[in-house]
Amino acid sequence: LEMVQKGLAEYLETKRVAFSRFYFLSNDELLEILSQSKDPLAVQPHLKKCFENIHKLTFQPDLEMTAMISGEGETVPFTRGLRPNGGVEMWMSNVLDEMKRT
């Protein structure tokens, strides 16, 4: 059991190194995101812990991300649509880059 826990901790650390804002999440929260990585909408409840004042993202029916919505309801459109391709840490890094760009 100890070896499994150590392996899991190492795996989560690699994800946190890849996307440093994952350090704001508990192990359970990060596991929930990673276990549902095929469903980008599953990340929505955790966005406010990863990004300051981003309450949710606007997803189109084809899952293209087109805007971010603040806790106050303000919508800020992205300069370009983003696709949740690759690992969750990769496309969340793209969200971070787009957030800085807008």
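This report walks through a three-stranded sheet, the helix lying across it, and a buried histidine in a predicted model.

## The sheet

Let's start with the strands. The model has an open sheet of three strands, ordered E1-E2-E3 and paired in antiparallel fashion. At its edges sit E1, covering residues 54–59, and E3, each of which pairs on one side only. From one strand to the next, the twist averages 25 degrees.

As general background, strands of a sheet pair through backbone hydrogen bonds, in either a parallel or an antiparallel way.

## The E2–E3 hairpin

Strand E2 spans residues 65–70 and strand E3 spans residues 75–82; the two run antiparallel and are joined by four bridges. If you want a spot to look at in this pairing, try Ile69, which stands opposite Thr75 in E3.

E2 and E3 form a hairpin, with four residues between them. In the turn you will find Gly73, whose phi is positive at about 95 degrees.

## A helix across the strands

Now bring helix H4 into view, residues 88–101. This helix lies across E1, E2 and E3. Relative to E3, H4 runs at about 125 degrees.

## His46 in its loop

Another place to visit is the loop between helix H2 (27–35) and helix H3 (47–50), where His46 lies. Is His46 buried or exposed? Its relative accessibility is 7%, and because buried means under 20%, His46 counts as buried.

Which residues does His46 touch, leaving aside its neighbours within four places in sequence? His46 is in contact with Leu25, Glu29, Glu32 and Ile33.

Methods: Residues numbered from 1 in each chain as written. Predicted model: local features only at pLDDT ≥ 70, side-chain atom pairs only at ≥ 80, totals over all residues. Heavy atoms only, no water. Pairing = 2+ DSSP bridges. Axes fitted to C-alpha atoms, helices over the stretch in contact; angles between N-to-C directions. Contact = heavy atoms within 4.5 Å. Buried < 20%, exposed > 50% of the residue type's maximum accessible area, 1.4 Å probe, protein only.
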